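User: I have a chain open here and would like to talk through its features with you. Could you take me through it piece by piece?

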Amino acid sequence: MKLIALLLSCAICMKVDATRVYVDIVGDLFHAGHIEFLKKARSFGDYLIVGVLADDVVEEYKREPILTLEERVKVIEACKYVDQVIVSPPLRLTEEFIRDLQIDYVVHGDDFNKDLLEDQYGVSLKLGIFRPVPYTPGISTTNIIRRITDRYNQGEFQK
C-alpha cells in the first residue's frame, strides 16, 4: 500500500515540473479535427489543460453549440491527450489566469482572423507564449452539420 502511495505521489510530482499547455475549445460534435488539434497542442508539452467554453461565451462569436456544456465536457475529458478540463474558462485569457494555472504555452488553431486573435489571446501573444497550429482541413462541426442537413434534405434518413 505504501508503494502505491509513493508511486502516486511521484506521478503527481512529475506533473508539477511538466510543461503545461492550455487550449480552449467549444468541442461541439467532437470529431477527428478536434482530436488532431488536441494532439498537436499536447506536442508542445507534457500536460494539456483544456478549457471548454460555456454556451453564452461561444455565442459571442459563433453559433450556439448543439451539445450541452456537460456533454461536451464528458467527451473531452475522455480524450487521451487531455490531462485536465476547466469548465467555462474566460474567453479572454488574463495574466492572472495564465499564472494561476502555471501555463507555459497557449495553443489555438490558425483559423482565427487577426482581430479575434488579438481580442481573445492578446495577453498570451504579448507574453510570447501563444503557439498557433494548423487547422485540420476537410472537417469541422459546420461541415458535419451541413452533411447531415444535405442528407436529410435528400431523404436519406427516411429509409
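Analyst: Let me start with R42, which has a relative accessible area of 22% and is therefore partly exposed. Please keep in mind that this is a predicted model.

User: What does R42 form a salt bridge with?

Analyst: R42 pairs with D83, and the closest N and O atoms of the two are 2.9 Å apart. Because R42 sits in helix α2 while D83 belongs to the loop between α4 and β3, this pair ties together parts that are 41 residues apart in sequence. D83 is likewise counted as partly exposed, since its relative accessibility is 30%.

User: How many salt bridges are there in the whole structure?

Analyst: A search of the whole structure gives 6 salt bridges. One of them joins D28 to R63, with 3.1 Å between the closest N and O atoms. D28 is in the loop between β1 and α2, and R63 is in the loop between α3 (55–58) and α4 (69–77), so here the parts tied together are 35 residues apart in sequence.

User: Is D28 buried or exposed?

Analyst: D28 counts as buried because its relative accessibility is 3%, and the cut-off for buried is under 20%. Its partner R63 is at 34% and so counts as partly exposed.

User: And what is R151 paired with?

Analyst: R151 forms a salt bridge with E156, where the closest N and O atoms lie 2.5 Å apart. Both are partly exposed, R151 with a relative accessible area of 40% and E156 with 28%. Apart from that pair, E60, R92 and D119 are joined into one network by salt bridges that share partners.

User: Changing topic, what is the overall fold made of, in terms of helices and strands?

Analyst: The chain has 7 helices and 5 strands, and their order along the sequence is α-β-α-β-α-α-β-α-β-α-β-α. Of the 159 residues in the chain, 38% are buried.

User: What is the volume of the largest pocket, and which residues lie nearest its centre?

Analyst: The volume of the largest pocket is about 640 Å³. Its lining consists of 28 residues, and those nearest the centre are H34, K62, H108, D111 and Y135. Two or more lining residues come from each of β1 (20–25), α2 (32–42), β4 (105–109), α6 (114–127) and α7.

User: How does that lining divide into nonpolar, polar and charged?

Analyst: The lining of the largest pocket divides into 12 nonpolar, 11 polar and 5 charged residues.

User: Which residues make the nonpolar patch on the surface?

Analyst: I148, Y152 and F157 make a nonpolar surface patch of about 320 Å². Y152 is part of helix α7, which covers residues 141–153, and it counts as partly exposed because its relative accessibility is 47%.

User: One more thing, on the backbone: which residue in the loop between β1 and α2 has a positive phi though it is a residue other than glycine?

Analyst: That is L29, with phi near 50°, and it lies in the loop between β1 and α2. For context, most residues other than glycine have a negative phi. L29 counts as partly exposed because its relative accessibility is 21%.

User: And what about S88, where is it and what is its phi?

Analyst: S88 is not a glycine either, yet its phi is positive at about 60°, and its place is in the loop between β3 (84–87) and α5 (95–100). With a relative accessibility of 37%, S88 is therefore partly exposed.

How values were computed: Residues numbered from 1 in each chain as written. Predicted model: local features only at pLDDT ≥ 70, side-chain atom pairs only at ≥ 80, totals over all residues. Heavy atoms only, no water. Patch = residues over 30% accessible without salt bridge, like charges linked within 9 Å, V, L, I, M, F, W, Y side chains within 5 Å. Areas by Shrake-Rupley, 256 points an atom, 1.4 Å probe, with all protein chains shown as cover. Salt bridge = Lys/Arg side-chain N within 4 Å of Asp/Glu carboxyl O. Helix = DSSP H or I, 4+ residues; strand = E, 2+ residues; numbered from the N terminus. Buried < 20%, exposed > 50% of the residue type's maximum accessible area, 1.4 Å probe, protein only. 1 Å grid on protein atoms, 1.4 Å probe; cavity = no way out; pocket = protein on both sides within 12 Å on 5 of 7 lines; lining within 4 Å. Points joined across faces, edges and corners; volume = space filled by probe spheres on them. Nonpolar A, V, L, I, M, F, W, Y, C, P; charged D, E, K, R; others polar.
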